[in-house]
Amino acid sequence: MTTTFKPTELFGGAITANLPANYGDVSNIREVPDHQEIYLDASGFSSVIVEIAERVTQPPTDQEALRFHFEDIVDEHDTSRIWHTDVAQLPHLPPNTPCYTLLATTTPPPATNGNVRAKTPTFTAVILTLIRLVAQSTDIVVTVNIPHIPGHQEPSDGEVNFEEGKFGTLVEEGIKIRDEVWRSLEVRDWGLFGG
């Protein structure tokens with residue numbers, strides 16, 4: 001699976017990043033909050049969400065803020081697990097901009113009364129990047145979501161076992177998307193953050 005990327009203007013062009021060419025702007029089909037940009041895979045169920053949030057100061061550390069933002073997007077009824085956290089490097093941001101990433105999974109609770117919907121994921125892989133703009137009192141959260149839906153995976157996806165580092169084709173593709181966002185994300189209008 002090879003993904004083609006295209007330069008994409010976010011927040012009216014104030015931020016740009018390369019996103020998959022086959023991902024569509026969700027705001028063309030439904031209302032999206034002003035502080036979010038959501039792009040959905042036209043041929044699947046994966047998505048990329050870019051969110052501008054007020055900088056989290058409580059909890060006080062960057063690693064705790066990373067977990068806070070992850071927990072903020074997870075449904076309270078889902079079981080979640082963070083598999084890996086790391087420092088991220090985004091070359092088009094000012095030097096020493098704190099950036100972090102995590103790879104996690106969320107699993108919805110079992111269906112009750114045998115009421116299983118056809119497109120309910122067995123789990124969703126979440127690849128989250130936190131960009132901390134200290135001077136602007138802003139956190140930018142970039143999330144790549146990859147739902148694993150039975151019968152809708154690539155035949156070559158193979159065994160998926162996060163404990164053994166076997167992420168499968170879709171999650172590996174999600175990591176490539178994250179890496180391309182890191183490589184290309186650029187703030188073109190710092191006035192976006194009200195400073």
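**Why these labels? Reading a predicted model**

In this predicted model, the lining of the largest pocket is made up of 10 nonpolar, 6 polar and 5 charged residues.

User: What makes a residue part of the lining of the largest pocket?

Analyst: A lining residue has an atom within 4 Å of a grid point of the pocket. Here 21 residues line the largest pocket. Ile73, Asp78, Thr106, Thr124 and Asn145 lie nearest its centre. The pocket volume is about 510 Å³.

User: Which strand gives the most to that lining?

Analyst: Strand E9, with 4 residues. Strands E4, E5 and E8 also each supply at least two.

User: Why is Asp139 in strand E9 called buried?

Analyst: Buried means under 20% relative accessible area. Asp139 has 0% relative accessibility, so Asp139 counts as buried.

User: How do you know that Asp139 makes a polar contact with His69?

Analyst: The cut-off for a pair of N or O atoms is 3.5 Å. The side chains of Asp139 and His69 make their contact at 2.8 Å. That value is within the cut-off, so the pair counts.

User: Why does Leu133 count as buried?

Analyst: The limit is again under 20%. Leu133 is at 3% relative accessibility, so Leu133 counts as buried. Leu133 lies in strand E8.

User: What makes Arg55 a contact of Leu133?

Analyst: Contact means heavy atoms within 4.5 Å. Leu133 touches Arg55, and also Trp190 and Phe193 among others. The 7.6 Å between Leu133 and Arg55 runs from C-alpha to C-alpha. In sequence, Leu133 and Arg55 are 78 residues apart. Arg55 is also one of the residues that Asp139 touches.

Conventions
Residues are numbered from 1 along each chain as its sequence is written. This is a predicted model: local features need pLDDT of at least 70, side-chain atom pairs count only at pLDDT 80 or more; totals for chains, interfaces and linings use all residues. Side-chain values use heavy atoms; hydrogens and water are left out. Buried means under 20% relative accessible area, exposed over 50%, partly exposed in between (1.4 Å probe, protein chains only). On a 1 Å grid over the protein atoms alone, a cavity is a set of points where a 1.4 Å probe fits but cannot get out, and a pocket is an open set with protein on both sides within 12 Å along at least five of seven lines; lining residues have an atom within 4 Å of a point. Grid points are joined across faces, edges and corners, and a volume is the space filled by probe spheres set on the points. Ala, Val, Leu, Ile, Met, Phe, Trp, Tyr, Cys and Pro count as nonpolar, Asp, Glu, Lys and Arg as charged, and the others, Gly among them, as polar. A polar contact is a pair of N or O atoms within 3.5 Å; within protein, one must be able to donate a hydrogen and the other to accept it, and residues adjacent in sequence count only if both atoms are side-chain atoms. Lists of a residue's contacts leave out its neighbours within four places in sequence.
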